[in-house]
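User: I would like a close look at a single part of this structure, namely its largest nonpolar core. Please describe how that part is built and what lies around it.

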Amino acid sequence: MKNRKRLIFALIVIFLLNITVIAFVQQADAAAYKRGSSGSAVTQIQQKLSNWGYYSGSIDGIFGSRTEKAVRDFQQKNGLTVDGIVGDATLKALGLGNLSGSSGSSSTYSNEVALLARLISAEARGEPYEGQVAVGAVVLNRIKHPSFPNTMSGVIYQSNAFTCVYDGQFDQPVADSAYRAARDALNGWDPSGGAIYYFNPATATSSWIWSRPLITVIGKHRFCS
């Protein structure tokens with residue numbers, strides 16, 4: 001009798017473990033969209049890609065070959081792994097982090113503030129507050145400009161765009177003022193006057209950057225178009 005109870009208990013445990021594993025796999029799959037996927041999430045992905053000029057097919061919620069190609073093009077332009085699969089990183093770059101289980105637009109905004117603040121702190125720590133906001137505004141101006149990636153992570157991590165990403169400054173503690181500057185920039189303040197470049201004339205080694213039309217000077221930085 002005892003052996004039978006033990007066997008039943010063991011079978012129940014195995015059954016519950018199987019259910020847990022299946023649920024975990026399904027949850028993991030739900031956060032990744034690839035060829036063959038369909039539904040409202042795919043519609044949102046297609047709409048984003050269409051808005052930014054990567055996708056020109058039907059917005060039908062069906063992840064086909066044209067959607068996959070658009071995803072690959074977007075990933076390549078924004079420094080992501082080019083696999084044609086819309087996982088967490090690609091969803092966040094698309095501004096669709098809520099589809100991967102995040103808390104939605106408020107979480108996306110918080111992530112953008114944190115990322116932009118880290119860049120501002122690394123590039124403009126010690127600069128006047130207006131200059132810190134201006135550096136954040138340059139990032140946002142690049143997102144809107146056709147010559148640059150159209151996401152914040154794409155702009156910041158673009159190859160050779162910001163030296164702080166490669167020299168270790170990007171990983172230093174973030175100044176409190178940089179968070180305020182990031183919020184001000186995201187809220188529309190642009191002391192740079194629409195600049196897409198800036199540089200410190202005391203340390204600049206590129207002759208090309210001096211050829212850019214000057215818009216304004218704030219602190220040690222020259223902001224250019």
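Analyst: The description below begins with the chain as a whole and then turns to the core and its surroundings.

The model is predicted. Its chain has nine helices and three strands, and from the N terminus on the elements run α-α-α-α-α-α-α-α-α-β-β-β. Of the 225 residues in the chain, 38% are buried. Among contacts with a separation of 6 or more, 56% join residues that are 24 or more positions apart.

The largest nonpolar core comprises 35 residues, and L119, V139 and F223 have the most contacts inside it. At least two residues of this core come from each of α5 (105–124), α6 (129–144), α7 (152–156), α9 (176–186), β1 (197–199) and β3 (221–224). The greatest contribution is that of α5, with eight residues. In soluble globular proteins, nonpolar side chains tend to be buried together.

V139 illustrates how the core is connected. With residues up to four places away in sequence left out, V139 touches L116, L119, M152, V155, I156 and F162. Another core, of 17 residues, lies apart from the largest one and includes I45, F63, A70 and F74.

Helix α6 also holds the polar residue Q132. Q132 counts as buried because its relative accessibility is 7%, under the 20% cut-off. When residues up to four places away in sequence are not counted, the contacts of Q132 are I120, A124, E127, S177, A178 and A181.

The strand β3, one of the suppliers of the core, pairs with β2 (residues 214–218) in the antiparallel sense over four bridges. Within this pairing, L214 has C224 of β3 as its bridge partner. The two strands form a hairpin with two residues between them, and G219 in the turn has a positive phi of about 60 degrees.

Two of the elements that build the core also take part in the largest pocket. α5 and β1, together with α8 (164–167), each supply at least two residues of the pocket lining. The volume of this pocket is about 630 Å³. Its lining consists of 24 residues, and those nearest the centre of the pocket are E123, A161, T163, Y198 and F199. By character, the lining residues divide into eleven nonpolar, seven polar and six charged.

In summary, helix α5 gives the most residues to the largest core and is also among the elements that supply the lining of the largest pocket.

Definitions and conventions. Residues numbered from 1 in each chain as written. Predicted model: local features only at pLDDT ≥ 70, side-chain atom pairs only at ≥ 80, totals over all residues. Heavy atoms only, no water. Core = buried A, V, L, I, M, F, W, Y, C linked by side-chain atoms within 4.5 Å. Buried < 20%, exposed > 50% of the residue type's maximum accessible area, 1.4 Å probe, protein only. Contact = heavy atoms within 4.5 Å. 1 Å grid on protein atoms, 1.4 Å probe; cavity = no way out; pocket = protein on both sides within 12 Å on 5 of 7 lines; lining within 4 Å. Points joined across faces, edges and corners; volume = space filled by probe spheres on them. Nonpolar A, V, L, I, M, F, W, Y, C, P; charged D, E, K, R; others polar. Pairing = 2+ DSSP bridges.
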